[in-house]
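Q: I am new to this structure. Please pick one part, look at it closely, and then tie it to its surroundings.

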Amino acid sequence: MGLISELKLAVPWGHIAAKAWGSLQGPPVLCLHGWLDNANSFDRLIPLLPQDFYYVAMDFGGHGLSSHYRPGVPYYHQTFVSEIRRVVAALKWNQFSILGHSFGEYTDQQLTGPGIGLGGKDRSYCPTAFPCAYEICRER
């Protein structure tokens, strides 16, 4: 599955960059990279996952191709959670899955709570490098 588009989503400090793969009609999956990393982390993984999903890997602010915050503005976890909310709103997603690696999974837990999936459904935790990828593949 090849990259289908690169996205630039407007935010008050500039833009959040993202990459998308798969069918726009597929269930959406937001991919969150690790600390000091970027959306390119998923370039080799996404082609190995089920192809009937729509995957969007975002660059957190100050990472990859996303705009840095203004000088003097600190990078807090809660700010990254707000970035996820902004991306989801820009994409007009009501329901979606999250695939998080390292810092991305930790930030996901700040958004949804540990062990709870979006929509309040229980989510099992698998301590692998890409825990949500494990869940997607296991369900297939």
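A: Start with K92, just after α1, where the residue takes a positive phi of about 60 degrees. The helix before K92 is the part to look at. Bear in mind that the model is predicted.

First, the setting. The protein has three helices and five strands. From the N terminus on, their order is β-β-β-β-α-β-α-α. Of the 140 residues, 48% count as buried. Contacts between residues at least 6 apart in sequence often reach far: 66% of them join residues at least 24 apart.

Now α1 itself. Helix α1 covers residues 77-91, 15 residues in total. At 1.5 Å a residue, it should span 21 Å. The C-alpha atoms at its two ends are 21 Å apart, so the length agrees with the expected span.

Which residues of α1 are buried? They are F80, V81, E83, I84, V87, V88 and L91. Around the axis they cover an arc of only 150 degrees, which means that they sit on the same side of α1. There is a general reason for such spacing. An α-helix has 3.6 residues a turn, so residues three or four places apart point the same way.

What does α1 give to the interior of the protein? The largest nonpolar core has 21 residues. Those touching the most other members are L30, L32, V56, M58, I84, V87 and W93. At least two residues of this core come from each of β1, β2, β3, β4 and α1. Helix α1 supplies the largest share, five residues. In soluble globular proteins, nonpolar side chains tend to be buried together.

W93 deserves its own look. Setting aside neighbours within four places in sequence, W93 is in contact with P28, V29, L30, Y54, V56 and V88. Apart from the largest core lies another, of twelve residues, including C31, L45, Y55 and L99. W93 also belongs to an aromatic cluster, together with Y54 and F96.

Turn next to R86, which is found in α1. Is R86 buried or partly exposed? R86 is partly exposed, because its relative accessible area is 40%, which lies between the cut-offs of 20% for buried and 50% for exposed. Beyond its neighbours within four places, R86 is in contact with V11, P12 and W13. R86 and V11 are 75 residues apart along the chain, yet their C-alpha atoms are separated by 7.8 Å.

W13 leads on to the aromatic rings. The whole structure holds four aromatic pairs. One of them joins W13 and Y69 edge-to-face, with 5.2 Å from centre to centre and 75 degrees between the planes. This pair links distant parts of the chain. W13 is in the loop between β1 and β2, while Y69 is in the loop between β4 and α1, 56 residues away. Both W13 and Y69 are buried. Another pair is F53 and Y55: their ring centres are 5.9 Å apart and their planes meet at 40 degrees, so this pair is tilted. F53 is buried, with a relative accessible area of 10%. Y55 is buried too, at 0%.

Last, the outside. The protein exposes about 7500 Å², and 53% of that comes from carbon and sulfur atoms.

To gather the threads: α1 has its buried residues on the same side, gives the largest share of the largest core, and holds R86, which is in contact with V11, P12 and W13.

How values were computed
Residues are numbered from 1 along each chain as its sequence is written. This is a predicted model: local features need pLDDT of at least 70, side-chain atom pairs count only at pLDDT 80 or more; totals for chains, interfaces and linings use all residues. Side-chain values use heavy atoms; hydrogens and water are left out. Helices (H or I, at least four residues) and strands (E, at least two) are DSSP runs, numbered from the N terminus. The expected span of a helix is 1.5 Å times one less than its number of residues. Buried means under 20% relative accessible area, exposed over 50%, partly exposed in between (1.4 Å probe, protein chains only). The arc is that of the directions from the helix axis to the C-beta atoms. Contact means heavy atoms within 4.5 Å. Accessible areas come from the Shrake-Rupley method with a 1.4 Å probe; for residues, only the protein chains shown count as cover. Rings of Phe, Tyr and Trp (its six-membered ring) pair if their centres lie within 6.5 Å; planes under 30 degrees apart count as stacked, over 60 as edge-to-face and the rest as tilted. A nonpolar core is a set of buried Ala, Val, Leu, Ile, Met, Phe, Trp, Tyr and Cys residues joined through side-chain atoms within 4.5 Å.
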